[in-house]
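Please examine the structure shown below with the following explanation at hand. The text proceeds step by step through selected parts of the chain.

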Amino acid sequence: MRDADITVRVSATADPAAVRAARLGLLLRSLRDGGPRSRGRLAEETGLTRSVATGLVDELVELGLVSCEDADRRGAGRPGVQVRLVGRAVCGVGAEINVDHLAVVAVDLAGSVIAEARRGIDGRSLPAEEVLAELAGLVADALAEARGAGSTVAGITVGVAGLVDATTELVTLAPNLGWRDIDVTADVRRRLADAPGVVGPVPPVRVANEATLAATAELDPADADRADMVVLYGEVGLGGAIVSGGRVAPGRHGWAGEIGHLPLDPRGRRCGCGRTGCWETVVGLRALLESATDPDDPIRDPALTLEERLATLVERARLADGRTLAALDEVGSWLGTGAAVLVNTLNPGTVVLSGYFAALGEWLRPAVESRLAADVLAPRAGGTRVSVSAYGPTAAVRGGALVSLEPVLSDPTALAELHGGTR
Ligand SMILES: [Zn+2]
């Protein structure tokens, strides 16, 4: 995006402060995505005049978000000051509440991970308060680590495997956790305010569906095939998100993307939601584990993290264990059957296998592709590419961290209000 686009977008408000904020954000994104540059090149590439860009860069320096350094004159031959992002200055925290694990990550403006933690839980038998207390503890540790690294936390976004009401921000329903109308943001905010390690005001806390956050992590403005995309987020159940025109489509109330409950197998298993034969009953991690292992298999120990479980499954698949491979083939085939429904409906450029599917993509993708080839009406499976997520089970927390950083990228002056808080 160039300055002209931003000026057109915000000019309706006729508010110089809004134009300035948007331009500061434009420079920050440009430095994040394109690396260090001279002021002149930065101005040229963002469509700003040189004098405007210089003033804005000075403001970003004052906010501690960029630095200006003398370039190495010996090698480049062209002296000049390079404007560079200070990624560490600010970070976003993403957290995830899933049926069998909690996860937290702090990602800075440059995309580097500052703090990371995962813990296996048995979310089905623990009361919501205990799950939230445990999560708040992990978040408090991440806030302390970020502070120790000299990074201001812009916000905390908690992803939950369930429906999140876009207006009330309540977790309306999380069938696999047995949750109804839980106010996660208020609860986490209160616990963090009381946590001994948290210094100063608690950064803004938000809540979102975890698959929606996972899809945010998969967005790539440089890849046209990802502007229209379906993200399949495999966990104990199956989360999903639909990206249309480069944005995650929330639906009327924020409840879109509940593809895990597409009724695909009417004579199938009972789902956590109370219905029968939902897609997630045949492709969720629970289904895979039931098919690939016996009840007393150590892999089913609730204390194990998802990574530990997946590492064991990958090892068995690599050793060509017949039962594991048959289970993966079955899950892959069901995954493709449901994906074909979505590809026929939406004609996405990409279907992303994210969450636990990513670790097992080597075995799942061929089965998905062959089902798409067979079941999609449009030629060449509608031109849809099947991609394996680079983030896998960390996509939701990463997306949460990115969403938390968004207010600073939209208006870097917002950072001034956060300073003195968690820094
Ligand atoms: Zn269901």
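In this predicted model, strand β5, which covers residues 101-108, pairs with strand β6, residues 113-120, in the antiparallel sense. Seven bridges make up this pairing. One position that can be followed by eye is H101, which stands opposite G120 in β6. The two strands, β5 and β6, form a hairpin with four residues between them. Within the turn, G111 has a positive phi of about 95°. As a general principle, the side chains of a regular strand alternate between the two faces of the sheet.

A further point of interest is a charged residue, D165, in the loop between β8 (163-164) and β9 (171-174). D165 is buried, yet it has no salt bridge. The nearest side chain of opposite charge belongs to R252, at 8.3 Å. A salt bridge would require a side-chain nitrogen of Lys or Arg within 4 Å of a carboxyl oxygen. When residues up to four places away in sequence are not counted, D165 touches L170, T172, H253 and W255.

The final site holds a metal. Which residues coordinate the zinc ion? The donors are H261 through ND1, and C271, C273 and C278 through SG, at 2.0 to 2.3 Å. The arrangement is tetrahedral because the four donor atoms subtend angles of 106 to 116° around the zinc ion. Along the sequence, the donor residues follow the spacing H-x9-C-x1-C-x4-C. H261 and C271 are 10 residues apart, and each lies in the loop between β14 (247-248) and α9 (280-283). Both H261 and C271 are buried.

Conventions
Residues are numbered from 1 along each chain as its sequence is written. This is a predicted model: local features need pLDDT of at least 70, side-chain atom pairs count only at pLDDT 80 or more; totals for chains, interfaces and linings use all residues. Side-chain values use heavy atoms; hydrogens and water are left out. Donors are N, O and S atoms within 2.8 Å of the metal (3.2 Å for Na, K and Ca); water is not among the atoms, so sites may look incomplete. Four donors count as tetrahedral if all angles lie between 85 and 135 degrees; four count as square planar and six as octahedral if opposite donors are over 155 degrees apart and all others between 65 and 115; anything else is irregular. Buried means under 20% relative accessible area, exposed over 50%, partly exposed in between (1.4 Å probe, protein chains only). Lys and Arg count as positive and Asp and Glu as negative; His and the chain ends are not counted. Contact means heavy atoms within 4.5 Å. Two strands pair if DSSP finds at least two bridges between them.
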